[in-house]
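Reader: I'd like to learn how to read helix packing and empty space in a model. Could you walk me through it?

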Amino acid sequence: MKGPRIGVASLVQETNTFSPKPTVREDYTVLVGEEASRSLAGTNTEFAGAVAGLEELGAEVVPLLAAWALPSGRVTEDTFEYLAGLLDRELVRALPLDGLVLSLHGAMVAGTTFDADASLIEVARSRIGSVPLGVCLDLHANVTERMVELADIMVGYHTEPHVDMASTGARIARLVVNTVRDEITPAVALAKRPMLVPAEAMRTDIGPMSEVRGLADTRTASTVLDVSLFPVQPWLDVPELGLGVLVVTDGDPAGAGSLAEELAGEVWDRRDRMTTPRLMRPEAAFRAARESDCRPFVMAHTADCPTAGAPGDDPVMATEAARHAPDLAVFHSVLDPEAARRCGSKVGEGVRLPVGGVFEKSVIPVEVEGMVTAAGSGAYRLTGRSFTGREVSMGEWAVITTGSHHLLVSSAPSITADPATWRHAGLEPDRADVLIVRSCSDYRANFPGSAPEAVTLDLPGPSTPRLEGLEFRHAPRPLYPHDRVAM
Ligand SMILES: [Zn+2]
């Protein structure tokens with residue numbers, strides 16, 4: 001018997017509304033049809049997981065498209081229209097379908113559309129009609145009522161740091177096929193709480209969130225098909241901002257609603273324990289690095305982190321490293337397209353040039369002097385535990401070496417939490433005394449030996465760990481922890 005014909009599409013971008021860098025069409029990698037399946041096969045992505053899961057279930061897989069951009073500022077209106085148009089076009093080409101798996105981030109803002117992911121679900125829904133539509137989201141999604149109304153089934157990653165993208169794709173694929181085959185009647189309920197959780201306190205392997213994740217797992221049985229916790233990414237100023245808990249049951253809407261409320265309450269009751277880890281000023285961090293035997297000693301520059309939507313153009317750690325650690329082997333990075341291009345043709349030559357402060361007005365460029373020891377461009381594949389195998393590029397890049405400091409300058413944002421990025425630039429991260437990553441948590445999965453002693457730097461930026469300092473204009477108030485006293 002021929003299996004059900006299921007489409008798979010993925011359109012992923014996480015918006016940081018505090019970032020000054022808009023997300024434009026060039027920021028997207030777009031793969032269409034079979035090319036998407038081929039390129040992503042075997043990677044730790046929702047798309048690959050969904051395709052593999054559907055094949056295993058005997059479904060006829062129809063790959064539509066996979067488009068993704070690194071987190072950044074709002075997606076421009078015309079970029080969004082292009083993506084929505086692409087999804088629509090590929091759906092028209094794929095019809096008729098018996099079901100659809102749609103992988104989204106869930107925290108995308110496009111122009112003035114705060115809930116842009118819901119608009120994409122709407123595009124899909126209006127094309128496919130009433131056939132089962134399953135959506136999978138990032139754990140950092142801001143789930144809205146509109147999303148829940150438009151989809152039949154919705155799940156999210158269960159892990160932070162994220163290591164379960166492929167299995168999340170497989171989970172939603174199975175639920176869609178089960179629905180198509182009339183084996184289940186999914187009922188989805190969302191419970192929200194007006195709270196933000198610091199990125200560093202969302203971990204599902206340790207701490208308060210892991211306790212609630214554990215509770216959710218014990219409740220996932222018989223009629224409860226899936227429970228997803230969404231401690232929304234906190235740099236998102238939108239009207240429906242808030243922590244979400246999503247429960248999918250088989251034919252039990254009331255049960256889904258009560259379990260979602262119960263688990264949202266469990267997170268809420270732990271809110272005072274979900275705090276930012278101890279932050280360290282750079283000088284203290286370098287002192288800690290000297291006192292530690294751990295190598296590489298990891299410093300997380302979370303406030304200007306491209307995987308949290310910030311530009312990654314603050315070069316302040318170049319100055320701090322020169323001042324406090326001239327003798328240590330320090331690997332660090334900065335986004336600066338102009339500097340990357342200038343250095344590209346100067347391998348083996350000495351350079352002196354300003355770097356950084358490209359997008360963020362408050363950031364002051366830093367003058368660096370050194371030797372260009374490597375340069376290049378092109379794609380490479382990630383090897384860390386998040387998005388393993390995914391092909392990425394940091395555009396043109398160069399390494400400026402000053403004594404024992406190696407500064408990776410790139411024209412596009414680089415994923416410094418992944419060892420493959422450093423190796424692509426000829427730098428072996430294990431040889432660093434101090435590895436400065438622009439990452440909130442992924443480095444923990446990728447550098448497990450260094451993670452226990454890693455420090456979070458106390459620096460300003462669009463993805464600041466100091467959430468109280470963010471000025472929200474659209475988010476509902478009161479909002480924890482901003483309005484701590486009033487609640
Ligand atoms: Zn995420």
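Author: We'll take two helix pairs, then the largest pocket and the largest cavity. Keep in mind that this is a predicted model.

Reader: Let's start with α7 and α8. At what angle do their axes cross?

Author: Roughly 160 degrees, for α7 (residues 208–219) and α8 (residues 253–269), and the axes come within 9 Å. Angles over 145 degrees count as roughly antiparallel, so that is how α7 and α8 run relative to each other. As for handedness, α7 passes α8 in a right-handed crossing.

Reader: Which residues of α7 and α8 meet?

Author: On the α7 side you have Met-209, Val-212, Leu-215, Ala-216 and Arg-219, and they meet Leu-259, Glu-262, Leu-263, Glu-266 and Val-267 of α8. Sort the residues of that contact by class and you get seven nonpolar, three charged and no polar.

Reader: Now α3 and α4. Are they roughly parallel or roughly antiparallel?

Author: Go by the angle again: under 35 degrees counts as roughly parallel. Helix α3 (residues 77–94) packs against α4 (residues 116–128) at about 25 degrees, with the axes 10 Å apart, so α3 and α4 are roughly parallel. Here too the crossing is right-handed, with α3 passing α4. From α3, the contact takes in Phe-80, Ala-84, Leu-87, Asp-88, Leu-91 and Val-92. The α4 residues in the contact include Leu-120, Val-123 and Ile-128. By class, the contact of α3 with α4 has ten nonpolar residues, one polar and two charged.

Reader: On to the empty space. How much of it lies in the largest pocket?

Author: With a pocket, look at the volume, then at what lines it. The largest pocket holds about 480 Å³ of space. It is lined by 28 residues, and the closest to its centre are Asp-27, Thr-29, Leu-70, Ser-393 and Ala-412.

Reader: Which element gives the most to that pocket's lining?

Author: That's β16, with three residues. At least two residues each come from β2 (29–32), α1 (34–40), β15 (379–381) and β16 (391–393). The lining of the largest pocket splits into 15 nonpolar, eight polar and five charged residues.

Reader: And how many cavities of 30 Å³ or more are there?

Author: A search of the whole structure turns up four. The largest cavity has about 440 Å³ of space. Of its 31 lining residues, Glu-14, Pro-71, Thr-307, Phe-387 and Asp-442 are the closest to the centre. That lining has 16 nonpolar, ten polar and five charged residues.

Terms used: Residues are numbered from 1 along each chain as its sequence is written. This is a predicted model: local features need pLDDT of at least 70, side-chain atom pairs count only at pLDDT 80 or more; totals for chains, interfaces and linings use all residues. Side-chain values use heavy atoms; hydrogens and water are left out. Axes are lines fitted to C-alpha atoms, for helices over the stretch in contact, and angles run from 0 to 180 degrees between N-to-C directions. Helices (H or I, at least four residues) and strands (E, at least two) are DSSP runs, numbered from the N terminus. Angles under 35 degrees count as roughly parallel, over 145 as roughly antiparallel, 65 to 115 as roughly perpendicular and the rest as oblique. A crossing is left-handed if the near helix is turned anticlockwise from the far one by less than a right angle, and right-handed if clockwise. Contact means heavy atoms within 4.5 Å. Ala, Val, Leu, Ile, Met, Phe, Trp, Tyr, Cys and Pro count as nonpolar, Asp, Glu, Lys and Arg as charged, and the others, Gly among them, as polar. On a 1 Å grid over the protein atoms alone, a cavity is a set of points where a 1.4 Å probe fits but cannot get out, and a pocket is an open set with protein on both sides within 12 Å along at least five of seven lines; lining residues have an atom within 4 Å of a point. Grid points are joined across faces, edges and corners, and a volume is the space filled by probe spheres set on the points.
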